[in-house]
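Work through the exercises below with the model open. Each task is followed by a stepwise solution.

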Amino acid sequence: LPPRSTPLYSSAAADVYKRQGNGGSGIVVMRYEWKSPAPTWYGNRGVWGGGSNGGPYEDTIDYVTISITGNATDFGNLSDARQYTAACSNGSRGVFGGGDSGPKLNVIDYITIATTGNATDFGDLNNSVEGAGSCSSSVRGLFAGGTGQINVIDYVTIASTGNATDFGDLTDGRKDLTGSSD
């Protein structure tokens, strides 16, 4: 700006100057800076494990790169072929809990999302369940409900392996839940 520009006001978002000089005056925004914390972004890989295609249960883990459209790629395998498995993540580690492989399972497996490969044993849920719902934070993964309409909520600390711990109870026992978290 010409030296005749003088500050009009300054805020967290911008410095605004009043421009004076040849040809009149006007308002000029000199910079824009986002001052709030940036939103948390955990990565660019989506992962799915287990399921059934109408035949035997699957142990396949697939992944995609979320920012690029295209088909899934093989990631590795779960420890057991199963369906109705719940999953959660802390952004670097993915955890799969429970499922149906004929009998209901209490198995918890984990993967490192950035590195393809087979799942590794994490620990056990408190109950053998299929159709549980799950959600997570950057620290904890929660598994809730499941077949038999149980009302149990279990949690794991995602960064360290071990058996699930009782978190509390759902308001009603139910199965085939979905989960979400902020």
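A cavity is a set of grid points where a 1.4 Å probe fits but cannot get out, and its lining residues have an atom within 4 Å of a point. The model used here is predicted.

**Exercise 1. Confidence**

Task: State the mean pLDDT of the protein, then find what the model shows over residues 5-35.

Solution:
- Step 1. The mean pLDDT is 83. A value of 70 or more is reached by 77% of the residues.
- Step 2. Over residues 5-35, the pLDDT is below 50. This stretch still has 48 contacts in the model beyond near neighbours in sequence.

**Exercise 2. The cavity**

Task: Which residues line the largest cavity? Work out which elements give two or more residues to the lining.

Solution:
- Step 1. Count cavities of 30 Å³ or more: the structure holds one. The volume of the largest cavity is about 50 Å³.
- Step 2. List the lining. It consists of Leu125, Asn127, Val129, Phe143, Gly145, Ile150, Val152 and Asp154.
- Step 3. Assign elements. Strand E10 (120-129) and strand E13 (152-157) are the ones that give two or more residues to this lining. E10 gives the most, with three residues.
- Step 4. Sort by class. The lining has five nonpolar, two polar and one charged residues.

**Exercise 3. A loop asparagine**

Task: Is Asn90 buried or exposed? Find which backbone atoms its side chain reaches.

Solution:
- Step 1. Locate the residue. Asn90 sits in the loop between strand E7 (86-89) and strand E8 (93-97).
- Step 2. Apply the cut-off. Buried means under 20% relative accessible area. Asn90 has 13% relative accessibility, so Asn90 counts as buried.
- Step 3. Follow the side chain. The Asn90 side chain reaches the backbone nitrogen of Ser92 at 3.0 Å. It also reaches the backbone nitrogen of Arg93, at 2.8 Å.

**Exercise 4. Positive phi**

Task: Where do Tyr84 and Gln149 lie? Give the phi and the exposure class of each.

Solution:
- Step 1. Take Tyr84. It lies in the loop between strand E6 (73-77) and E7. Its phi is positive, about 60 degrees, although Tyr84 is not a glycine.
- Step 2. Classify Tyr84. Its relative accessible area is 45%, so Tyr84 is partly exposed.
- Step 3. Take Gln149. It lies in the loop between strand E12 (140-144) and E13. Gln149 is not a glycine, yet has a positive phi of about 50 degrees.
- Step 4. Classify Gln149. Its relative accessibility is 44%, so Gln149 counts as partly exposed.

Key
Residues are numbered from 1 along each chain as its sequence is written. This is a predicted model: local features need pLDDT of at least 70, side-chain atom pairs count only at pLDDT 80 or more; totals for chains, interfaces and linings use all residues. Side-chain values use heavy atoms; hydrogens and water are left out. On a 1 Å grid over the protein atoms alone, a cavity is a set of points where a 1.4 Å probe fits but cannot get out, and a pocket is an open set with protein on both sides within 12 Å along at least five of seven lines; lining residues have an atom within 4 Å of a point. Grid points are joined across faces, edges and corners, and a volume is the space filled by probe spheres set on the points. Helices (H or I, at least four residues) and strands (E, at least two) are DSSP runs, numbered from the N terminus. Ala, Val, Leu, Ile, Met, Phe, Trp, Tyr, Cys and Pro count as nonpolar, Asp, Glu, Lys and Arg as charged, and the others, Gly among them, as polar. Buried means under 20% relative accessible area, exposed over 50%, partly exposed in between (1.4 Å probe, protein chains only). A polar contact is a pair of N or O atoms within 3.5 Å; within protein, one must be able to donate a hydrogen and the other to accept it, and residues adjacent in sequence count only if both atoms are side-chain atoms. pLDDT is the predictor's confidence in each residue, from 0 to 100. Contact means heavy atoms within 4.5 Å.
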